[in-house]
Amino acid sequence: MKETLSELRILAEKKFSKSGEMFFPSRSSVEQATPEAISHYRAQRLNGYVAVDLCCGIGMDVIALAKNCKKVFAVEIDKNILECAKKNAKAYGADNIEFINSNCFGIGLKSLNVDIAFADPSRRTAQGRRVSALEETEPDAKKLILFLTKSGIKNSCIEVSRELSPKEIPFDCEREYVSLGGELNCASLYFGRFKKCERSAVVLPSGERIESNSLQPNPLGECASPKKFLFELDEGIVRAELQSELLEKLGPDISIFSKNFFTSDSMVGSAFFKNSFEVLKEVKEKDLVKELQILGAGKVVLRGAFDPKLQALAKKEIELQLSGGRKLHVFNLKNRLFICSIFNKMPP
Ligand SMILES: C[S@@+](CC[C@H](N)C(=O)[O-])C[C@H]1O[C@@H](n2cnc3c(N)ncnc32)[C@H](O)[C@@H]1O
C-alpha cells in the first residue's frame, strides 16, 4: 500500500530535521536518502567552488554540499524525484542549486566547469533487492568513476555499499566507513585531494576517526581467552579492518579477542565500542540453563556463531526454564560459551 505524504514525513523524522516540510515521492526515496548527520559530515570534507551531485535523489547530499560550495548542480534521472529535491532545497533554504533532469552520463560535464563531484548511486534494484557490487549500482559506480576521470574531475566522492571490503574497491582512493548511532551506515570513496589515507572509520555524532595509510590490514594477534570485559567493536572498524589501529590508540590495557571483540581486565571506553559486556562465566553447553538460573536470568540474547533458526528456537526453550529478572547475553565465540551482562554506560 502506498503511504501518504504525512506518513512518509513521519517515517523521515529520524533522518531529517525538516522532515515536516519535505517532499518524498515514495517510501524507498526516504530510505535511500542520506541521513542529515551523514550528509553534513561528508559535505564538510568536500569543500569546493562549483560541485555536481550526479544522482541527487530527493536532495539531501546536494543540500548539504550547497552550504560548502558557491554553486552546485543537482542531476537526477527521475523527474518526480527531482521535483521533490527542488522543494526540499527550498525547505532547507538552499538557493545556489541548479537542477538538471537527465541521465548523469548525458550531461556535458566539462561544460559545467565543476571542480568537485559527488554521487550516491542507488544500491537497490527496481524490484527493491539490495546490491553491493560496484557495477550493480544504478548508475554503475565503476562507470561513474571512469566518467569522472575522463571528464578531468580529480576531486570527488562516491558512496558505495557498506558491505564491500576495502580490497573489493580497486581504486586509488580513501575507503571511509561511517557509523551513525552505533550502526554502520555507509561507505564513501574519496578521490584526489579529498583522499587522506587508504582506509578509515568514523563514528557519528562524535566524529571520532581511525585511519590507516596501508591497504593491507595488520595481523590481529588475538588472545586465547576473554578477560573480565568484552567490547563489541563498531562495524565500521571491522569492515575497514582497523582493529590494530584502534588498539594502538586505546593503549596497553586492552587486547584483541576476535575480529569483532576487544577484551580487558579493566573498563575501557571508546566511541568505537558498540556494546560493552562483563564476562560472568564460561559454561559448557549442558550447564547453560543451570548457570543462567543461578545468575538470575529471565531473558537471554544468544550471540555469535549460532544457527539463526536454532537460535530463535533455543532462546524460547531456554527462557521457558528461567524465572529471574536479568537479561543476560550468551556468546558463542570460538566454539566456547560465555554468559555476559551488558553495560553501555561506564559505571562511576
Ligand atoms: C541513492 S539515491 C540518491 C539519494 C541522495 N543522495 C539523497 O540523499 O537524497 C540514487 C538516485 O540516483 C538516481 N539515478 C539512477 N540512475 C541515474 C542516472 N543514470 N543518472 C542520474 N540519476 C540516476 C535514482 O533515480 C535515485 O534517485
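The following exchange examines how several terms apply to this predicted model.

User: What are the ground rules for numbering and for confidence in this model?

Analyst: Residues are numbered from 1 along each chain as its sequence is written. The model is predicted, so local features need pLDDT of at least 70 and side-chain atom pairs count only at pLDDT 80 or more, while totals for chains, interfaces and linings use all residues.

User: How many helices and strands does the protein chain have?

Analyst: The protein chain holds 11 helices and 16 strands. Helices (H or I, at least four residues) and strands (E, at least two) are DSSP runs, numbered from the N terminus. The C-alpha trace spans about 70 × 50 × 40 Å along its principal axes.

User: What makes Ser161 buried, exposed or partly exposed?

Analyst: A residue is buried if 20 or more other C-beta atoms lie within 10 Å of its own, exposed if 12 or fewer, and partly exposed in between, with C-beta atoms placed from the backbone. Ser161 has 19 other C-beta atoms within 10 Å and is therefore partly exposed. Ser161 is located in the loop between strand 5 (155-160) and strand 6 (174-180).

User: Why is Phe105 assigned to its exposure class?

Analyst: Phe105 has 14 C-beta neighbours inside 10 Å, so Phe105 counts as partly exposed. Its place is the loop between strand 3 (97-101) and helix 6 (109-112).

User: Which residues does Phe105 touch, not counting residues up to four places away in sequence?

Analyst: With that exclusion, Phe105 touches Pro139 and Phe147. Contact requires that the C-beta atoms of two residues, placed from the backbone, lie within 7 Å. The C-alpha atoms of Phe105 and Pro139 are 8.9 Å apart, although 34 residues separate the two in sequence.

User: How do you know which side of helix 7 the buried residues occupy?

Analyst: In helix 7 (residues 141-150), the residues Ala141, Leu144, Ile145 and Leu148 are buried. They cover an arc of only 100 degrees around the axis and therefore lie on the same side of helix 7. The arc is that of the directions from the helix axis to the C-beta atoms. An α-helix has 3.6 residues a turn, so residues three or four places apart point the same way. On the other side of helix 7, Leu146 and Lys150 are exposed. The buried residues of helix 7 pack against strand 4 (116-119) and strand 5.

User: What makes a set of residues a nonpolar core, and which members of the largest one touch the most others?

Analyst: A nonpolar core is a set of buried Ala, Val, Leu, Ile, Met, Phe, Trp, Tyr and Cys residues joined through C-beta atoms within 7 Å. The largest has 89 residues, of which Ala51, Val62, Leu65, Val72, Ala85, Ala117 and Ile237 touch the most other members. This core draws at least three residues from each of domain 1 (5-161) and domain 2 (229-342). Those bounds come from an automatic or database domain assignment. The centres of domain 1 and domain 2, taken over C-alpha atoms, are separated by 39 Å.

User: Which residues come nearest to the ligand, and how does its shell divide by residue type?

Analyst: Ala33, Cys55, Gly57, Met60 and Asp120 come nearest, out of the 22 residues around the ligand. A residue is near a molecule if its C-beta atom, placed from the backbone, lies within 6 Å of it. The shell comprises 11 nonpolar, six polar and five charged residues. Ala, Val, Leu, Ile, Met, Phe, Trp, Tyr, Cys and Pro count as nonpolar, Asp, Glu, Lys and Arg as charged, and the others, Gly among them, as polar.
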